[in-house]
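Q: I have a structure open and do not know how to read its features. Could we go through some of them in turn?

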Amino acid sequence: MARTTPGDGGEAPDRAAQEFATGGSTRHPEINWAAAERSPEFRELVRRRWSFTIPALSFVFVWYFGFIALASYAPSFMGESIYEGLTVGYALALSQFVMTWFLGWLYLRQADRVFDPLAKRAAERALTGSSPPDRPAPASAGPGEEVRH
Amino acid sequence: MFRLPIAEVNVEAVSIFAVVLSITLGITYWASKQTKDATTFWAAGRGITGVQNGFAIAGDYMSAASFLGIAGLIFLFGFDGFLYSVGFLVAFLIVLYLLAEKMRNSGKFTMADVLSFRLNERPARTAAALGTLVVAGFYLIAQMVGAGALIEALVGIKFSLAVLLTGAFMLCYVIFGGMLATTWVQIIKAVLLMSATIVLSLLVLGKMGWNPVDVFNRAEAQSQDGHAYLEPGLKFTNPIDTISLGLGLLLGTAGLPHILMRFFTVPDARAARRSVVWAVGLIGSFYVMTTFLGFGARALLGEAGTTGDVDEAGNLAAPLLAQNVGGGDGTFWGDAFLAIIAAVAFATILAVVAGLVISASGAVAHDVWSNVIRKGRDSESEEVYVARIAAGVIGAIAITIAIIGGSDLNVSYMVGLAFAVAASAVFPALLMALTWRRFNTTGAVTGVLFGVISSLALVLTGPDVRSDPLINLTQPAIISVPLGFIGCFLGTLLTRPEEKAESGFDELYVRSQTGLGAEIPLEGAGLTPRPRRRRAAAAATTTHLHR
């Protein structure tokens, strides 16, 4: 299933004890990732995350490229004063800053309150789901022991 | 290209430089004592907190092109210069929503770790390293030439000496202090840059009678373009080019390897997203203040700029503004402010070039050497050793090109080119690898190649380089970004599905979204040892694997 890269432990014995292999991200073949990906907990996490980011990013694209299109095609409208010399263009530019700050803050809040608890559940499900039901996972020396990095 | 406002060596500027540099060298010494393994060298042991990383991202991202360049563009072109500020900031929402946490969860040291996670390692990694090197290379040369010209103008030392000094300090940070020194140099730079900008903005505001709107009216009154100065269109006359620039800035930021690499320095995904929001707060505040630097320079310096004192690129608008609000040429505070701004500009450049060199050395040592040539069979110490050599070679090449090209080397298109390649070669392939199950190795390679080749071809045959451009677009993104995505799709769909890439997608997808299996921080990494309770929380899901 999951690819084993050098450094996952398989070739460790032929190296000096303090010298660790390099290589890319450490892999964890002991987890059943396919089952984890299909678990309802994970599906819920992914659904909730996309249903936040897709509408938010769509709004960003519309507001940002709308601003740039107005600057490109309607320069005199952008130059109109709305308050003692503050122009439409500058006010719209400032609205981009406010949008970025607000959507950044909103994502943090959403991630802390919704995505993180769901991610934790999905991760727990993946860990418990990975061990066969007839063989309970060892308490102290789990399969993770050999992938310590 | 640059007019010298100061004929002789500026003693105040040199003394302030010396103070800033000795602090950074002290940090580098401290960092070199900590840097004994690859995780510290590349990722500062993953012990940088979210707030620290937010400052470091701001320090990594805001180049001299942001500080002096945007102030100069606003000074020269009014509203159009401010378009850059907007694009540079909004881009971070793409980074936050699509990449930051996923990079932290699934990568190890470089962006290529994520791209090659489930693909055929050697071709995918080579493609990612190519993208990294092209982006970092052009960005680095542009910064080095800019650094030389600016320091020559501000401090009064020769261009080639200025480039050599910049290069020497940059290499010192990276080779001896690795990511740890680079991070703290970036944090210090961000603090210096923000403080200087706040003080300068307040002084400008004071001159405006504390009425922010007055800066526009007075700038308009001082500009020979009249009201057009406050309207778009003085710099960007081709609407398609403007939209293309907007696209390049928006997606390019999300493909900058030196920014993406910063997410491997924090303990977990939560810190990664916090760091983006901190960076957004800092970078956004800074870009709002570019209003006072740019429009303020126009309002207070008047037309002086276009006829003489400020160079044609406008890069000296901010330093001369500082001299003006300090009391003017020859006064104590006027000269002191000019010297401070010069030192801040130097620190700004150093922090950015150090970040670029460490990401480029990552592509050479971690990606190409360790994982493509040595197939992951080398030791950590060998990887760090090769990284130090690679950093030295990359730095030497950049210094040589900058000195041979001289201050007349046309670098105006190089930062734009770096953003275009990042947007059209790096970003599409990364996004596809993280979200599309069917995506395969051929798709990644063709995507990166399409993006790199189309960006290079469009810029090298475009109006910035040739007098008879093939396509009259200075900004290639509107063509090259779709081509990058088309490369990913065509390469994937025209070749057979890869079973390994699709089964590996489960691991990458679950890991990137949940953090399960993510690389854990080194024990005791970070500036201060954290309480056990917080460390336990930091590695929440990953520790399950280690019980």
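Q: Which residues of H9(B) are buried?
A: This is a predicted model, and a residue counts as buried if 20 or more other C-beta atoms lie within 10 Å of its own. In H9(B), that holds for Val215(B), Phe216(B), Arg218(B), Ala219(B) and Glu220(B).

Q: What covers the buried residues of H9(B)?
A: The cover includes strand S2 (86–87) of chain A. From chain B, helix H8 (159–207) and H12 are part of it.

Q: How many residues does each chain bring to the contact?
A: Chain B brings 67 residues and chain A brings 67 residues. On the side of chain B that touches chain A, the elements that give two or more residues are H5 (79–106), H9 (214–222), H10 (239–252), H12 (269–301), H15 (332–373), H16 (380–405) and H20 (499–514), each of them a helix. H5(B) gives the most to this side, with 11 residues. Sorted by class, the side of chain B that touches chain A has 27 nonpolar, 24 polar and 16 charged residues.

Q: How is the pairing of two helices described, and what are the values for H7(B) and H15(B)?
A: Two packed helices are described by the angle between their axes and by the distance between the axes. For helix H7 (residues 121–155) of chain B and H15(B), the axes come within 8 Å and cross at roughly 160°. Angles over 145 degrees count as roughly antiparallel, and therefore H7(B) and H15(B) are roughly antiparallel to each other. The crossing in which H7(B) passes H15(B) is left-handed. In the contact of H7(B) with H15(B), 24 residues are nonpolar, six are polar and four are charged.

Q: How many residues of helix H14 of chain B are buried?
A: The count is 10 of the 10 residues of H14(B), which spans residues 317–326, so this helix is largely enclosed by the rest of the structure. Among the buried residues are Pro319(B), Leu320(B), Leu321(B), Gln323(B) and Asn324(B). After H14(B) comes Gly327(B), with a positive phi near 135°.

Q: Which residue in the loop between H2 and H3 of chain B has a positive phi?
A: Ala44(B) has a phi of about 50°, although it is not a glycine. The loop that holds Ala44(B) lies between helix H2 (38–43) and helix H3 (50–61) of chain B. Ala44(B) has 32 other C-beta atoms within 10 Å, so it is buried.

Q: What is the phi of Lys375(B), and where is this residue found?
A: Lys375(B), a residue other than glycine, has a positive phi near 50°. Lys375(B) is in the loop between H15 and H16 of chain B. Its surroundings hold 14 other C-beta atoms within 10 Å, so Lys375(B) is partly exposed.

Q: How far apart in space are Gly26(B) and Ala181(B)?
A: Separation along the chain and separation in space are two readings to set side by side. Gly26(B) and Ala181(B) are 155 residues apart along the chain, and their C-alpha atoms are separated by 9.4 Å. Gly26(B) belongs to helix H1 (residues 11–34) of chain B. Gly26(B) has 12 C-beta neighbours inside 10 Å, so it counts as exposed.

Q: What are the two separations for Glu124(A) and Ser72(A)?
A: Along the chain they are 52 residues apart, and their C-alpha atoms are separated by 51 Å. Glu124(A) lies in helix H4 (residues 88–130) of chain A. With 15 other C-beta atoms within 10 Å, Glu124(A) is partly exposed.

Q: In what order do the elements of chain A run?
A: Chain A has four helices and two strands. From the N terminus on, the order is α-α-α-β-β-α. Of the 149 residues of chain A, 30% count as buried. Among contacts in chain A between residues at least 6 apart in sequence, 61% join residues at least 24 apart.

Q: Where in chain B does pLDDT stay under 50?
A: First the whole chain: the mean pLDDT of chain B is 87, and 92% of its residues reach 70 or more. Over residues 1–7 of chain B, pLDDT stays under 50, and the model has 17 contacts beyond four places in sequence for them. Residues 529–544 of chain B also have pLDDT below 50, and this stretch has 22 contacts beyond near neighbours in sequence. For the complex, the predictor gives an ipTM of 0.89 and a pTM of 0.89.

Note on methods: Residues are numbered from 1 along each chain as its sequence is written. Chains are lettered from A and ligands numbered from 1 in the order in which they are written. This is a predicted model: local features need pLDDT of at least 70, side-chain atom pairs count only at pLDDT 80 or more; totals for chains, interfaces and linings use all residues. Two residues are in contact if their C-beta atoms, placed from the backbone, lie within 7 Å. Ala, Val, Leu, Ile, Met, Phe, Trp, Tyr, Cys and Pro count as nonpolar, Asp, Glu, Lys and Arg as charged, and the others, Gly among them, as polar. Axes are lines fitted to C-alpha atoms, for helices over the stretch in contact, and angles run from 0 to 180 degrees between N-to-C directions. Angles under 35 degrees count as roughly parallel, over 145 as roughly antiparallel, 65 to 115 as roughly perpendicular and the rest as oblique. A crossing is left-handed if the near helix is turned anticlockwise from the far one by less than a right angle, and right-handed if clockwise. pLDDT is the predictor's confidence in each residue, from 0 to 100.
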